[in-house]
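Here are a few notes to help you find your way around. Keep the viewer open as you read, and take the points in order.

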Amino acid sequence: MGFPTADKADICLLLEGTFPFVSGGVSSWVNQMIRGFPEYTFACCFIGSRPEDYGSMKYELPPNVVHLETHYLHNFKRGAEKRPMKGDTSAYQQVGKFHELVKSGKNTEQKVAMFESMVGQLGDGKALSEDSFLRSRASWEYISRCYREQSRDPSFVDYFWTVRIMHSPIWALNEIADNLIPAKMYHTISTGYAGFLGALLKRRTGRPLLLSEHGIYTKERKIDLFQSEWISDNRGLVEKNNAEMAYFREKWVNFFSELGKQCYLAADEIVALYERNRERQVTDGAPAERTHNIPNGVDLPRFAAVREARGNDVPKVACLIGRVVPIKDVKTFLRSMRTVVNEIPDAQGWIAGPQDEDPEYVKECQGLVASLGLDKNVTFLGFQKIDELLPKVGVLVLSSISEALPLVILEGFAAGVPTVSTDVGSCRQLIEGLGAEDEALGKAGDVVGIADPEALGKAVTRLLTDRPAWDAAQQAGIRRVEALYTQELMFASYRNLYEGLMAKSAESVAEVGKLKGHS
Amino acid sequence: MSNLKLLFYAISSEIASLMLLLSDDTSVAYFIVYLLAHALASGLMSVVAWRFLPARFRTPKMLSLLLIFGFAFFIPAIGLLTLLIGIVVGVWLPAIFRDRPFSLVGEPYYTPVQAASSSSFRQIDIQSLLSSPDSPDALRMQGMLVLKDMPARVTGKVLRESLGDRYEDVRLLSYGILDLKEKTITRDIDRLLQLLERAKSSRRYGLARRLAELYWELTYQDLVRGDIRKLTLEKAAFYADMALMEAPQDAGLWVLRGRIQLAQGSVGEAQQSLVFSRRLGLSANQVNPWLAEIAMERRQFSLVRRLMGEISDNSQFTHLNKSVEYWRGHGLSHR
């Protein structure tokens, strides 16, 4: 069955590696949002790495999704025409000046104007076309000059190809922007490539751009890049300063930081899930006056029914709900189960989440279960329907090393399940409360440090064996989610934003119409 | 077969066929043999000539080959000669006049570009840098990069403290560093466990010894803690015992066994293992530091003095020299 297509939509969602092809917290949120606004039509523009990295759709498309298109940035079959050309030296001089401004770290008007001008020259036959970047003498001379002046790595070949590969998605995104159906506004769920596409679209169409950032994309990329082993460092032993990042690593980090910055600068409104992430966005270049906090919210009636399905006993089950990927640190959960089982021999540890994203990691986790002697206590359940799973769970466990405001904790609270979580993102705020009023609602579980299996195991054991403490935590969770994290509160905040931006969009159309009328 | 060989066979066959043709014998059989030899020469020549054709003339393959073969076969001797000249001219002439898309460039040179001085890392104590609330986050991240390349045994404590850092990037990076180090060892363990499962008895000793070392490494590098540390030490002891069953004379393994027992808190057993390793021939330099540690734990200071005194000056434990000096001095002052 093909994807739905339309020639226009109210809101175009820019989705990088998420809904509807990848399941997880962000995808669930996107699904929830689309269904929460049936009065608007949505177009979904999915951006992925390669087609083979994704399976079939993990979500049934809501009826108000009128258009879905998919694009893969690492599908190198596109390619520009293979012919040498002279190129426009002045255009590359402008690129050089832009890079100087990027390096200075200042967000000046001049930089914004330059970006807008460069974006206009990316198309075929223009001064900064892909063909010109890949095959013109002007481009070659610019790249080799940059290498001589800036590179701290002795390999020109690596430099040349790094620059080419790093920038190639820009033209792919430009092509997507060229062909995307018109929308009244754009809504990107991350910075990165999708965010940059949003910036391109905003600069071209003048239509408003809304950014809702769950995790901080730039930060996560930066950590990936710090740890990655595929980036070469050709410096010899004596050239190396181990406090200095490998040149290419630094180059990639800067590239993603700049992509993020361009998205922040172009966005009309910027949403974070909680205050610390909002502050981070401002530090990373987001204009503070455009930032807001809108926490996630859950569908309370739905989860009240799930709560009803629970029995009176607390099942001796600790459950991690999430994809089996390194960022969830499933290994720490498994190790913590050793501590739990030492105290409660019949305790069960469940991992409920898709296992297709990182098969190597899944294998490592399964090996760890065997080596910890937990074969009888730990089960990998795969993807589960949360409504059916939560009534069988005693404690929800989140061992992640990075999170924002995990929807799963709120869903657990609403379903009457306390949580033990690592101290990441807003988990402490969710479990212990933020501010006197919130804290007075009580602790809905426990918070421990990251990568500390023993503390995690002890906290889980405590909750599973201390019934009064468990009851208190359950009640605190229910009270907190009912007071602060309802779907209605979230939708109301977004309705304000959508309506404001739609009005802005209509104004800009009227403005353009007026100008055309005069001319 | 190479073109040169084919060419040689083609020319030889053609010469042979010409000799047959020019011989006095005029029988039909001789003529047929001539035709066969000439056909062979033409065939071989066709293959060589076809290979030298520009790509656009090589298709369709069969027809193109047939055309060359016809030329060579129906014009005896001269056809072949013409093809030969054609090949030579076709290969050499364009090579002489080809306008190469290359030009002479100067020797490559590279002058390393220094990083901006503002981002250079000051040589200060990393631990205080990381824990100081006044240090800029960018500088602390640089500090983490230094830790990345240092042995986990030395950096384990700092990295673990950084897991609770106020700045998330530092937390994530320290997690990543610890995780990578742990993963490297765990992968080796998994691989060896698989090998051990299907190993012949002759290989079991080596594999078990390596497994004991790897499990020990996890605890020695401070990569596992709490219940998992306990479990890891049990595994290290299990594989050390397995290896010792196969090779009870392995003195080095007895030292490892002793150190594992020491980490497990079995001081008496550790002492026995270490003493046994000495009996098997290991020097005082290699074993006495651990024996001295046990004696120290038991507050047997004179024994510590004696054990440390036995360590020679050229001990491999350079960081131990100060302790050795101290105990020797201490011993003298009490004499």
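1. A good place to begin is the salt bridge between B:Asp169 and A:Arg280, where the closest N and O atoms are 2.7 Å apart. Please keep in mind that this is a predicted model. Between chain A and chain B the count is five salt bridges, and there are also eight residue pairs in polar contact, both residues being at pLDDT 80 or more.

2. Which helices of chain A each supply at least two residues of the side that touches chain B? They are helix H5 (137-150), helix H8 (217-227), helix H10 (275-283), helix H12 (330-343) and helix H13 (359-371). By residue type, that side of chain A divides into 19 charged, eleven nonpolar and eight polar residues.

3. Now for the extent of the interface. Chain A brings 38 residues to the contact and chain B brings 31 residues. Together the two chains bury about 3,300 Å², and 55% of that area is on carbon and sulfur atoms.

4. Next, the aromatic rings. Searching the whole structure gives 40 aromatic pairs over all chains. One of them joins A:Tyr494 and A:Tyr498, with ring centres 6.2 Å apart. The planes of these two rings stand at 55°, so the pair counts as tilted, a class that takes in angles that are neither under 30 degrees nor over 60.

5. Where do these two tyrosines, A:Tyr494 and A:Tyr498, sit along the chain? Both belong to helix H20 (residues 487-518) of chain A, and because they are four residues apart there, about one helical turn separates them. A:Tyr494 has 1% relative accessibility, so it counts as buried, and A:Tyr498 is buried too, with a relative accessible area of 0%.

6. Chain B offers a pair with another geometry to look at. B:Phe73 and B:Phe74 are edge-to-face, at 5.2 Å centre to centre and 85° between the planes. Is B:Phe74 buried or exposed? Its relative accessibility is 66%, so B:Phe74 counts as exposed, the cut-off being over 50%.

7. Back in chain A, do look at the cluster that ring pairs build from A:Trp140, A:Tyr147, A:Phe156, A:Tyr159, A:Phe160, A:Trp161, A:Tyr247 and A:Phe248.

8. Last, a stop at A:Ala492, another residue of helix H20 of chain A. A:Ala492 is partly exposed because its relative accessible area of 39% falls between the cut-offs of 20% and 50%. Its C-alpha atom is separated by 43 Å from that of A:Glu130, which is 362 residues away along the chain.

Definitions and conventions:
Residues are numbered from 1 along each chain as its sequence is written. Chains are lettered from A and ligands numbered from 1 in the order in which they are written. This is a predicted model: local features need pLDDT of at least 70, side-chain atom pairs count only at pLDDT 80 or more; totals for chains, interfaces and linings use all residues. Side-chain values use heavy atoms; hydrogens and water are left out. Contact means heavy atoms within 4.5 Å. Buried area is the accessible area (1.4 Å probe) that two parts lose on being put together, summed over both. A salt bridge is a side-chain nitrogen of Lys or Arg within 4 Å of a carboxyl oxygen of Asp or Glu. A polar contact is a pair of N or O atoms within 3.5 Å; within protein, one must be able to donate a hydrogen and the other to accept it, and residues adjacent in sequence count only if both atoms are side-chain atoms. Ala, Val, Leu, Ile, Met, Phe, Trp, Tyr, Cys and Pro count as nonpolar, Asp, Glu, Lys and Arg as charged, and the others, Gly among them, as polar. Rings of Phe, Tyr and Trp (its six-membered ring) pair if their centres lie within 6.5 Å; planes under 30 degrees apart count as stacked, over 60 as edge-to-face and the rest as tilted. Buried means under 20% relative accessible area, exposed over 50%, partly exposed in between (1.4 Å probe, protein chains only).
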